[in-house]
Amino acid sequence: MGVKKKREMQVAALTVCHQDLEILRSFADAEGKNLASLLLHCVQLTDGVSQIHSVKQIVPFLEKVDKNGVCDPAIQSCLDILAGIYFSLTLKNPLKKVLISSLNGLPKFFLTEAIHSFTSHLQEELNTADLYSYRKVIDNISSCMENFNLGRASVVNLLENVLHFLHKSLIEILEENRKFAGNHIVQTQLMNDLLVGIRVSMTLVQKVQGLQSDLGNDSGSPIWQTMCGLLSVFTKFLNDDNLLQTIQSTSGLAVILFLKTMLHPSEKLPELISSLLLQSVDCTSIPEWFMSSCRNLCCADMPASTLLFLCQGTLAMLDWQDGSMGPSGEALLLDTVCVLFTLSSQIKESTLEMFLSRILASWTNSAIHILGSSSPSLKDSLNGGSSIARRLLEYVYTHWEHPLDALRHQTKVIFRNLLQMHRLTTEGADLVTDSFFLELTKSLLQLEWHIKGKYACLGCLVESIGIEHILLIDKTIPSQILEVMGDQSLVPYASDLLETMFKNHKSHLKSQTANTWMDEWHETWVSPLLSILCGGNLDQKSYVIDYYLPRLLNYSPESLQYMVKILQASIDTEAGACNRRGALGALMACLRTARAHGHLQSATHAWESLVCGARIKQGLIHQHCQVRIDTLGLLCESNRSTEVVSPEEMQWVQFFITYNLNSQSPGVRQQICSLLKKLFCRIQESSQVLYKLEQRKSTLDSENRSSREQPPVSLQQYKNFMSSVCDILFEALFPGSSYSTRFSALSILGSVAEVFPVSEGTVQTVYQLSHDIDAGRFQILIECFTSTFEEVKTLAFDLLMKLPSVTAGQFQDPEKLQDLFQAALELSTSTKPYDCVTASYLLNLLIWQDALPASLSASSAWSLTCGAGEKAAVLERNTLVVIKCLMENLEDEISQAEVSLLQAASSFPMYGRVHCITRAFQKLPLHDLQLVSEWRLMVERLLLLSYRLSAVVSPVIQSSSPEGLIPMDTDSESASRLQVILNEIQPRDTNAYFNQAKILKEHDSFDLEDLSTSVSNIDSFAEIKGREGRTCDVTAQMVLVCCWRSMKEVALLLGTLCQLLPMRPVSESSSGLLTVQQNTNPVTAEVKVFLSKQI
């Protein structure tokens, strides 16, 4: 695994005004050793990170100054500038946090002067009149109250002004928000400002010490009036459905908090809030300030959302610990849940439902807190048999399969807290015989297992009363849960419940004195698992192996021996049905999972102490593919990437490869290649460890002791193994081998070349594939290009590209290069469509390996204009040479096709040339070319050739029914039937070739002029020598294939050019190869017809 590069921290640099900068310069000394010099140096830095280091030096410098320094005007000015810097920084700037941390350590004798400076700057902030600067001021107030001594002191000094500013800013921002109704972007920002303002107001009330007592002593003070104003604003927010629900929710918290702070005596608070929630406020008995500030909360038709958020504030802002509010607090708790139950039947909006579920869960937490010291009457009201408990259960059952994940989670919290509430109300009672738990357990078990909410509630019940009581009711519960694991949607719930159950059961059994508890645990939890692995359906096995088995082994690794023992016995007694996974498949799955999770020290340990080698071989050639994959996974996978591969592992992997390359399943082939790549990576990484150990002349350490050999011996074993594997793979690439065999062999060879790269510098590689590839094997890879499957061609090409030294060594013979290039040119004009694909791969290989014939390269006048030492330049030059050669041949063939399309269809179908040109363009990086002028001329010429070719084949493509009534006969009798089709096909031929059906056969010579003159003498067909020197029966099918494929390749070529080539305006001389006019000019109508018919 690579090391993740740490991202460099970005910090905006601080700045000061020109006046402060002049002050610092005036106080700075020449030697730069006073505070002004230090601060001047800091503000002159342009890098925020460097400024952080400079800021950290300020307080250590002040600690060296004596008390007399307080009177130093330079220090006073510097403290004032620091205060200005603090308020100028944004809330998220790391410099602000560093400045807070540093100034918290300021010497005591500087505090008074520093507080004075901060207070004066905060007052300037509060005097801000720009509404869109309010957010910055609010952020600064919040920052002052957040673990910053100087900031908190300055806020306390200006508390009245701060509260007044918050009140004013909230009103003005709300009004501004109304003005921008419909402008959602601006409104979102303004409402976020409102939300922050409410939270800062709450923070002030909570953190300013003595505020509550001060308000109680002087209810007519300006601070009191401002508090009443803020309470009125919060009430307005709470009832405003046009605001974000988050603002309404936070306003509900603020209302309860302000009531708690302002109401005296505090004993009246629970009664007042109860009357609000029950909408039964007696206006004659409440304070006048409350009536004036919260009049909207005293009405009888309060909105459901308002009631909901008041309930949230009640539960969050009041102290429910230890029953400190007395009987009135208990009554408020019961009233709150009654209101919530009422709201649950009224609220249908999903977001409010989410709020309600969280608030109801919060209520159960408050109930648990208060039950610790509650009255007997409250315990009776909250036990499992009470109406409140029943309604809570009803809420859980109704919502435990709600579409919202968060709401389903809240139902689990509510259910768990309900169980805890009942236990608190029945302290000292026997939970086993408790009627509530018994009835609850039975009712849950009676529900169908497809109900997802059942699993979470059963898990909570197990955690509360233990699994043993549930197993007494039904011992088959583990088997029942495993049975439903064939349903993917239930698998996560079932596996979580099983884990909770078997952990609880083991903890309970371990506390017993009996020595046979482990057997009982295995019988309960492991035996049903093995039953599923041996006989369950495919989905069950897969999900159990992926979800349940790893959890079981992680919790109880010693259970692996029990699994192996049972499965070994089952294998011995199992007969027939070799096409099923059976006990052997279960055994291999268990061993593979155990090793992948680190529960086997090494694979050798597995078959020495658990299974014999015969079992491993049996699994490697089992009839069921998944058994083979699991056995291979056991050998290849490990939780340690540097674990040394043992000789036994290498022997069995070699055995597996011999018999499993011809798998017909694409998924199995992919898994085989992936697992073998993991093994190769392990060999490579462990070899590096062995090389280091060899260099230190020491034996293997304990981490790699599984090899039991000295490092040189293990390294040699690695080399021999990899060579043997490659021998098997190349033998599998014999002529006529199946597609699946070739695909597997080439994929594995590609992994070998990728994992074991060519060694560079001091890096040692235990194996290099290039050392085992001679001329014969190179020829085998080249012959893979002739496969009719393009995937095989691609794999062979990619493999050769990973072995540049091999191809360079094999391309030394000029005659061989010339023959290979000539073969590619001939294949590019073959009448077999897949031959042109082979030609494109051969040509691209010669291009990328710089292996073009010398005669071809020498024919280019610009072959030496680019840097011959640069790979990109060589690649560009070679591509240009090959495309030019293909275009020259294509141009000649188009000229002949314009005379005789029949001759072209039978002897030189042109689509192969175009296909090779397209593939060459696709492989070349076209946005960084050096020979721009040559490429530009080439592209222009290529476009003209494309248009000529489309014009040649257009009569066939545009025919009303070119694909109908195609005769498949190869004799001359088909000519009469072909005549009907050819009459409908009207190409540009002028020599009456399409007036009669024709058959081409061998002649001594081929002359177009003689051929034209002899046409009139042909009665039913013509005989012309084909390019391959044999008689060619030219059917309509051959013509159609030639024309349609040619038009297809033209369309692909034009699309490739438009997509890949850089564009340029017509008038500009830039590096673009394709003009806008060329790109937007309508391609011939034939291409449009072709595309429409393809659709």
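# A walk through a predicted, helix-rich model

The largest pocket in this protein has a volume of about 390 Å³, and since that pocket is where I would like us to begin, I should say straight away that what we have in front of us is a predicted model.

Let me stay with the pocket for a moment. Its lining is made up of 20 residues, and those that lie nearest its centre are Lys-412, Tyr-455, Ala-456, Tyr-493 and Asp-496. Which helices supply at least two residues each to this lining? They are α22, which covers residues 405–425, α24, which covers 452–465, and α27, which covers 491–510. Among the contributors to the lining, α24 gives the most, with eight residues. If we sort the lining by class, we find eight nonpolar residues, five polar ones and seven charged ones.

As for how such a space is found in general, rolling a probe the size of a water molecule over the atoms shows where empty space is left.

Now let me step back to the whole chain. The protein contains 53 helices and two strands, and 52% of its 1095 residues count as buried. Its accessible surface comes to about 49,300 Å², and carbon and sulfur atoms account for 51% of that area. When we look at contacts with a separation of 6 or more, 73% of them are between residues 24 or more positions apart.

With that overall picture in mind, I would like to visit a few individual residues, starting with some that are buried. Ser-357 sits in helix α19, which runs over residues 350–371. Why does Ser-357 count as buried? Ser-357 counts as buried because its relative accessible area is 0%, and the cut-off for that word is under 20%. Setting aside residues up to four places away in sequence, Ser-357 touches Tyr-395, Leu-407, Gln-410 and Ile-414.

The next two residues belong to helices α31 and α34 respectively, and I will take them together. Val-627 is in helix α34, residues 625–636, and Val-627 is buried, with a relative accessible area of 0%. Once neighbours within four places in sequence are left aside, Val-627 is in contact with Arg-581, Leu-584, Gly-585, Gly-619 and His-622. The C-alpha atoms of Val-627 and Ala-586 are 8.2 Å apart in space, although the two residues are 41 residues apart in sequence. Arg-595, for its part, is located in helix α31, residues 582–596, and Arg-595 is likewise buried, at a relative accessible area of 1%. From Arg-595 to Cys-636 there are 41 residues in sequence, with a C-alpha to C-alpha distance of 9.8 Å.

Let us turn next to the loops, where several backbone details are worth pointing out. In the loop between α14 (245–262) and α15 (269–277) we meet Pro-265, and the peptide bond that leads from His-264 to Pro-265 is cis, with omega near -5°. Asn-147 lies in the loop between α8 (134–144) and α9 (149–157), and its phi is near 55°, a positive value in a residue other than glycine. Is Asn-147 buried or exposed? Asn-147 counts as exposed, because its relative accessibility is 56% and exposed means over 50%.

Asp-850 also has a positive phi, of about 50°, although it is not a glycine, and its place is in the loop between α43 (833–848) and α44 (854–858). At 42% relative accessibility, Asp-850 counts as partly exposed. In the loop between α38 (739–755) and α39 (775–783) we find His-771, which is exposed, with a relative accessible area of 63%. His-771 and Ser-805 are 34 residues apart in sequence, and their C-alpha atoms are 9.5 Å apart in space.

Finally, I come to a stretch that is named in a record. An unreviewed UniProt entry places the feature "coiled-coil region" at residues 880–907. In the predicted model, the chain over residues 880–907 is 96% helix and 0% strand, and the C-alpha atoms at its two ends are 26 Å apart.

Key
Residues are numbered from 1 along each chain as its sequence is written. This is a predicted model: local features need pLDDT of at least 70, side-chain atom pairs count only at pLDDT 80 or more; totals for chains, interfaces and linings use all residues. Side-chain values use heavy atoms; hydrogens and water are left out. Helices (H or I, at least four residues) and strands (E, at least two) are DSSP runs, numbered from the N terminus. Buried means under 20% relative accessible area, exposed over 50%, partly exposed in between (1.4 Å probe, protein chains only). Contact means heavy atoms within 4.5 Å. Accessible areas come from the Shrake-Rupley method with a 1.4 Å probe; for residues, only the protein chains shown count as cover. On a 1 Å grid over the protein atoms alone, a cavity is a set of points where a 1.4 Å probe fits but cannot get out, and a pocket is an open set with protein on both sides within 12 Å along at least five of seven lines; lining residues have an atom within 4 Å of a point. Grid points are joined across faces, edges and corners, and a volume is the space filled by probe spheres set on the points. Ala, Val, Leu, Ile, Met, Phe, Trp, Tyr, Cys and Pro count as nonpolar, Asp, Glu, Lys and Arg as charged, and the others, Gly among them, as polar. UniProt positions are given in the numbering used here, feature names are shortened, and annotations may be inferred rather than shown by experiment.
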